[in-house]
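Trainee: Hi! Could you walk me through this structure before I get started?
Mentor: Happy to, let's put it on the screen.

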Amino acid sequence: MQIRSIASNGLTALLTISCFLIPPGTSRKVFAGPILESNTVSDKSTDSVLKKDALGVSLRSNGMETRAEIWRDGVIRVTHRPVGLTPRISSLAVVAKPEKTPWTMKATSDAVLVTTRRVKVRIGKSDGSVGFFNLESHPILQEYEDGTWLSNVTVGSAKETVESGQKFRLQGDESIYGLGQHPNGTSLDYTGSNIRLLQENTKVGIPMVLSSKGYALFWDNPAVTNVDVGKIDPHAIQWRSEAGEGVEYYFFAGPEPDQAIAEYRWLTGSAPMFPLWAWGYWQSRERYKRQAEILDIAGEYRKRGSTSA
């Protein structure tokens, strides 16, 4: 984990160098240290604390708590948060609930391994980095070691919030699709692009990507978010949200794109079909300057015998 802070005398104490751009005018403070619970198991060799429950596992290390929850055989929820931070809001997008799913856990000297019937999840004990593998142990998607960035900041009216970022490995022959509607480019593949997820005229930000490798990822944070897909680093996908409660995302194993999309629809809900009365010809333009323009349009439809008017 990477943390920046400002000392009480106003001089910046740069603890580590982050690969993410920091918005001007933000304030930062150091996170509180680890808070240990009596029902956890401490691993002194890596200074980490491991906890297992019915839904998943949590690992505390270096002031950060990483949690992996098994929602389905191929749907894994991952969070990285400062130790001691209790989430105050629930997801605005997720409508599903975790299903009862069989899984196993194994702890080694350097990692925690969680296995379902479709995917293996590895959590590094030293830094909490998460990797996803198929049952043959071939990598699907991996976070970079020390690739999680968290900082307490003040952004706009949010007086106490967490700016967060995550860096994932991007394979050389991989294409990345999704992210909503961004008409500036000529390709549906965002590899080599930097996308700002912010609702604007002609632009729609949806924090979900689908890989040509068959997996998908949903970044569950509605804040303004930058997604760099191999532009800064051709071997990485980097997410950074201006506000929130830490890193939170859902991994969909696939391996077929249709399967990953189906799991995403299960998690966030299916879009309903339009009612029958809404089907037909739609007309839209940038704007009508005068009422007469609107009336003229309706009059022309009637003149031509259209039922639309």
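Mentor: We'll go from the whole chain to its empty spaces and then to some single residues.

Trainee: Anything I should know about the model beforehand?
Mentor: It is a predicted model, where local features need pLDDT of at least 70, side-chain atom pairs count only at pLDDT 80 or more, and totals for chains, interfaces and linings use all residues. Residues are numbered from 1 along each chain as its sequence is written, and side-chain values use heavy atoms, with hydrogens and water left out.

Trainee: Okay, how many helices and strands are in the chain?
Mentor: The chain has two helices and 20 strands. Both kinds are DSSP runs numbered from the N terminus (helices are H or I, at least four residues; strands are E, at least two).

Trainee: What share of the residues is buried?
Mentor: Of the 309 residues in the chain, 46% are buried. Buried means under 20% relative accessible area, exposed over 50%, and partly exposed in between, with a 1.4 Å probe and protein chains only.

Trainee: Switching to empty space: what's the volume of the largest pocket?
Mentor: About 540 Å³. The search uses a 1 Å grid over the protein atoms alone: a pocket is an open set of points with protein on both sides within 12 Å along at least five of seven lines, a cavity is a set where a 1.4 Å probe fits but cannot get out, and lining residues have an atom within 4 Å of a point. Points are joined across faces, edges and corners, and a volume is the space filled by probe spheres set on them.

Trainee: And which residues lie nearest the centre of that pocket?
Mentor: Ile89, Ser90, Ser91, Glu245 and Glu248, out of 24 lining residues. The strands β7 (75–82), β13 (158–169) and β20 (247–252) each give the lining at least two residues. By class, the pocket lining has 10 nonpolar, six polar and eight charged residues. Here Ala, Val, Leu, Ile, Met, Phe, Trp, Tyr, Cys and Pro count as nonpolar, Asp, Glu, Lys and Arg as charged, and the others, Gly among them, as polar.

Trainee: How many cavities of 30 Å³ or more turn up?
Mentor: One, in a search of the whole structure. The largest cavity has a volume of about 40 Å³, and its lining has seven nonpolar residues, with no polar and no charged ones. They are Leu141, Phe168, Val209, Tyr215, Leu217, Ile237 and Trp239.

Trainee: Let's pick Leu217. Is it buried or exposed?
Mentor: Leu217 counts as buried because its relative accessibility is 2%. Leu217 belongs to strand β17 (residues 216–219). Beyond neighbours within four places in sequence, its contacts (heavy atoms within 4.5 Å) include Leu141, Phe168, Val209 and Trp239.

Trainee: New topic: which residues have unusual backbone angles?
Mentor: Most residues other than glycine have a negative phi, and most peptide bonds are trans. Asp146 is not a glycine, yet has a positive phi of about 55°; Asp146 sits in strand β12 (residues 139–155). Thr202, also not a glycine, has a positive phi of about 75° and lies in the loop between β15 (193–197) and β16 (204–211).

Trainee: Where's a cis peptide bond, then?
Mentor: A cis bond joins Gly254 and Pro255, with omega about 5°. Pro255 is in the loop between β20 and α1 (257–268).
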